[in-house]
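Me: I'd like to go through this model with you and ask how its labels are justified. Could you set each value against its definition as we go?

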Amino acid sequence: MEPNEFEFLISPEGLALVEQHIDDDPARLALKLRHPAVTRQIQMLQKCRTKLPGYHAARCIVPPIAYEQASSEATAAARTAGILDAIPDGKRRLAIDLTCGLGVDSLALSRAFERVVTVETDPLRAAIARWNFNRLGADNITVVRASAEEFVAALPDEYRNADLIYVDPSRKQADGKRVYSIEESSPDILQMLPTLRSFARRIVVKLSPLFDVAEVYRLFGPGACAEVISLDGECKEVLAKVGFATEAEATPYLRTTVIRHGQVRRFDFSPASLDTPFPSASRPDELPILLVPDVAFYKARAVAAYAAVCLTHGTIAPAGEYLVSDHVPADFAGTAYRITQRMPYRPKEVARTLRSRGIRRINIHRRGFPASAEQIARTLGVTPGSANDLFVLTLDSQPTALFVDRID
């Protein structure tokens, strides 16, 4: 987005055009209106309906790149609520967001803290953020135009002793190339960490959903806490929390936050619980229910801990990297299936079974299995996708196929 496009979009004419055509098809609108900035803005606002409903309702300005990089409102709200667990009411005065972007994270913080200062290096994005915050009624957010490094180097006294610093380092370089290490991200939070700790009690760093949770403790120190957040079965982010462990002995070593169908659930694990032995059963091959815990538990390497600590009723046992049980646990955080047929994974026999059932399309699930889902589909002569599900796993050192029906 260019500055002149932004100026037109916030003009009375631009605002009126967006409002008049907010529900129109952008492809057809492009030929009708001949206002590319308006068409793009309508297209972005339509995308916001699910991910950023508040931005859609307020008719905010949403640049495409900023949208792609932004947290969803649901994830930002859940993250902020989890942060507040360890911050007493009287210590929620000032939060600093060193990486404003579209401002979704700053907005979530503004609903919990008396004041939020958010830092944005790009002048246009800073102007857009100010305008959006005004539309959203977030009058307790101050936008500072500077890089994170510049802001920290010249930090005014009024911003010292902040109750929280939040950072979401960019994983893209200026040329658009994606980077994967935290040291290559911008800002380099590890280099800044000692300085940040000198003027803020707590620091939260948002990391890539691909980030190894074990690295949180290595890079941020043994006092750090880690959190994995998933939204409707997709891992959205890994958090490193620094300075929280001193607040209360109950602060978790590892947390998984599972957001499903608008419901937020948190599961806290201590180092001792992560070492809890996996549940066992005498005849796991006879248990009729297959349980697939939420992806957050897999990302956190906490499937065994979740089973041992939270699923304490009935019989539950490992099945490869999944679980099998004699029942569906109440409030199970994942997806449950009824096993309709077990058989050794011999591709010709499995393919014959599929043909006998008239199945040509099927969802193939696999964890800890040497072949990918695409390779398995090609071997079986089926196309991925449909309402049918097939699990391929290694059970008691034997490749196994499970035909299942999903339990809603």
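Me: Which residues of S10 are buried on one side, and which on the other?

Reply: Happy to help, and do keep in mind that this is a predicted model. On one side of S10 the buried residues are Ile289, Leu291 and Pro293, and on the other they are Leu290 and Val292, which leaves both faces covered. In general, side chains in a regular strand alternate between the two faces of the sheet.

Me: What makes S10 largely enclosed by the rest of the structure?

Reply: A residue is called buried when its relative accessible area is under 20%. Five of the five residues of S10, which spans 289-293, are buried, so the strand counts as largely enclosed.

Me: How do you know that S10 pairs with S12?

Reply: Pairing requires at least two bridges between the strands. S10 and S12 (residues 322-325) have three and run antiparallel, so they pair by that rule. Within S12, Ser325 stands opposite Ile289.

Me: And what makes S13 a partner of S10?

Reply: Five bridges link S10 to S13 (residues 334-344), again in the antiparallel sense. With at least two needed, the strands therefore pair. Ile289 has Arg338 as its bridge partner in S13.

Me: Turning to cavities, how many of 30 Å³ or more does the search find?

Reply: There are three in the whole structure. The largest holds about 70 Å³ of space. Ten residues line this largest cavity, and the closest to its centre are Arg171, Ile182, Ser185, Leu207 and Ser208.

Me: How does the lining of the largest cavity divide by residue type?

Reply: Five of its residues are nonpolar, three are polar and two are charged.

Technical notes. Residues are numbered from 1 along each chain as its sequence is written. This is a predicted model: local features need pLDDT of at least 70, side-chain atom pairs count only at pLDDT 80 or more; totals for chains, interfaces and linings use all residues. Side-chain values use heavy atoms; hydrogens and water are left out. On a 1 Å grid over the protein atoms alone, a cavity is a set of points where a 1.4 Å probe fits but cannot get out, and a pocket is an open set with protein on both sides within 12 Å along at least five of seven lines; lining residues have an atom within 4 Å of a point. Grid points are joined across faces, edges and corners, and a volume is the space filled by probe spheres set on the points. Ala, Val, Leu, Ile, Met, Phe, Trp, Tyr, Cys and Pro count as nonpolar, Asp, Glu, Lys and Arg as charged, and the others, Gly among them, as polar. Buried means under 20% relative accessible area, exposed over 50%, partly exposed in between (1.4 Å probe, protein chains only). Helices (H or I, at least four residues) and strands (E, at least two) are DSSP runs, numbered from the N terminus.
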